[in-house]
Amino acid sequence: MSINNKSTVNPLGLEPKREKSGSDTFRKYNFQYHWAFCRMLDELEHGREFALFIEEHEDVTLADSLDSEKTTFEFNQIKETSKKHTIQSLTKKTKKDPQSLIEKLAKSCCDKSYSKKILRVNFVSTGGYSFELHKKGFNFEEISSSQLTEDEGKVVAGCIAEIRNTDGFYEKLAFVIPDLPEKAFDLVVEGRISSLINKLAPGLKYDSSSIYSFIIRDLNRKGENSFDYAEWDQSIRKKAITHKQLSTIIEQHIGRKPDVNIVAELTQILKDDYSFNSITRRSVVGGFNRYYAKRMANREKSVNDVSMDIISSIEKLAHKYSSAKDLETAVINTLSESTLSFFQTNEDRTGAFLYEFLEGVEI
């Protein structure tokens, strides 16, 4: 192709750019957010409760409970680089950067009011590592501090010697190679979303692109929020994405509907056993569909506990009643407080009861 072809030549491409670091900086920043996204998908897949914070004392901070008294933390410092880190590079100080990478990590974890709540501290690097164990032929995805040699441990100890209250930091430290590529990581995350939904509920119709866009925008918004919050609940709301929020977003972007036979039976039961007006009846159907989506695309323990509580009560009481409405009244009286508080409205609760009555049990 001729460079003189005016229809195809980019006039801005005829000279090299003076500044190219901006795109590299954005990629590194963006990688961190996508790594956090994958971390949430992993937690959700395993049905674990979590709250994930971006730029909250560390690049990515993971809380394992929404209860401020019970929660513990995992701190993650993320580095997008092509260079392999050695113990020397991790602990090196220079005039330009008088604090080493390990020292920075230790300062965010040690001598803090929350230090005892930190269970794990990860240094995550795309470039990998070159430690003594690698010279022996090992190639681990995660390397705990206990796998370092005594001499390597002494170098790390010397690096953080001037920091107060570092007890336990070294034992919590781990070095991680992320399973997220340095380029096209947005497409990989979309693929991970699809893989998760297919694993949770095969055959479900979903929009992984919309799920991705919604979550990544929320991560960016919360990462840009630099305010401090004294109240835990406010911090969760303003700075974190939780397992509940991620589950809800996935549920809102799935398109599979219950079996037509189940829907037909639901319609008949609402007509024969319940004296609802049209608005209430539509609210119950909406609650039924929302609960169905949760059951199909959710591995949260809370959802499973609610389901088992309702099913157990139905199976114990079904033989005593001739109508679904009377059975529901009896079932509600036996449900736990946590199950009852799971539903925002009576219609949502009725919808969930009818789903389990029609789909969850054999009578």
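Two strands pair if DSSP finds at least two bridges between them, and helices (H or I, at least four residues) and strands (E, at least two) are DSSP runs numbered from the N terminus. These legends describe a predicted model, in which local features need pLDDT of at least 70, side-chain atom pairs count only at pLDDT 80 or more, and totals for chains, interfaces and linings use all residues. Residues are numbered from 1 along each chain as its sequence is written, and side-chain values use heavy atoms, with hydrogens and water left out.

**View 1. Strand β2 between β1 and β3.** Start with the antiparallel run of strand β1 (residues 51-56) and β2, joined by 5 bridges. On its other pairing, β2 meets strand β3 (residues 73-79), again antiparallel, through 4 bridges. V60 is a handy landmark: its bridge partner in β1 is I54, and it stands opposite N76 in β3. As for cover, 6 of the 6 residues of β2 (residues 58-63) are buried, where buried means under 20% relative accessible area, exposed over 50%, and partly exposed in between (1.4 Å probe, protein chains only).

**View 2. Two non-glycine residues with positive phi.** H57 sits in the loop between β1 and β2, a hairpin with 1 residue between the strands. Its phi is positive, about 75°, although H57 is not a glycine. H57 counts as exposed because its relative accessible area is 51%. Now look at D111, in the loop between α3 and β4. Phi of D111 is near 60°, also a positive value in a residue other than glycine. With a relative accessible area of 35%, D111 is partly exposed.

**View 3. The F75 and Y114 ring pair.** A pair of aromatic rings is described by the distance of the centres and the angle of the planes. Here, rings of Phe, Tyr and Trp (its six-membered ring) pair if their centres lie within 6.5 Å; planes under 30 degrees apart count as stacked, over 60 as edge-to-face and the rest as tilted. The structure holds 17 such pairs. In one of them, F75 and Y114 are tilted, 5.6 Å centre to centre with 40° between the planes. F75 belongs to strand β3 and Y114 to the loop between α3 (101-109) and β4 (118-125), so the pair ties together parts that are 39 residues apart in sequence. Both rings belong to buried residues: F75 has 2% relative accessibility, and Y114 has 14%. Elsewhere, F288, Y291, Y292, F342, F343 and Y355 form one aromatic cluster.

**View 4. The largest nonpolar core, around L52.** A nonpolar core is a set of buried Ala, Val, Leu, Ile, Met, Phe, Trp, Tyr and Cys residues joined through side-chain atoms within 4.5 Å. The largest has 37 residues, and those with the most contacts inside it are F37, M40, L52 and L219. Elements that give two or more residues to this core are α1, β1, β2, α7 (185-200), α8 (208-224) and α10 (243-252). Of these, α1 gives the most, 9 residues. Zoom in on L52: leaving aside neighbours within four places in sequence, its contacts (heavy atoms within 4.5 Å) include A36, M40, V60, L62, L219 and I241. A second, separate core of 32 residues includes I87, V121, L148 and I163.

**View 5. Helix α14 and its cover.** Which residues of α14 (residues 324-332) are buried? They are A324, L327, E328, A330, V331 and I332. What covers them includes α11 (260-273), α13 (301-317), α15 (337-341) and α16 (346-360). V331 has 2% relative accessibility and so counts as buried. Leaving aside neighbours within four places in sequence, V331 is in contact with S313, I314, L317 and F353. For a sense of scale, V331 and E132 are 62 Å apart, C-alpha to C-alpha, and 199 residues apart in sequence.

**View 6. Cysteines without a disulfide.** A disulfide is a pair of cysteine sulfur atoms within 2.5 Å, and by this rule the count is 0. C110 is in no disulfide; the nearest cysteine sulfur, that of C109, is 6.0 Å away. C110 is buried at 5% relative accessibility, and C38 is buried too, at 3%.

**View 7. Confidence along the chain.** The mean pLDDT (the predictor's confidence in each residue, from 0 to 100) is 89, and 91% of residues reach 70 or more. Confidence is lowest in helix α1 (residues 21-45), at a mean of 82, and highest in strand β6 (residues 173-176), at 98. Over residues 19-23 the pLDDT is below 50, and this stretch has 0 contacts in the model beyond near neighbours in sequence.
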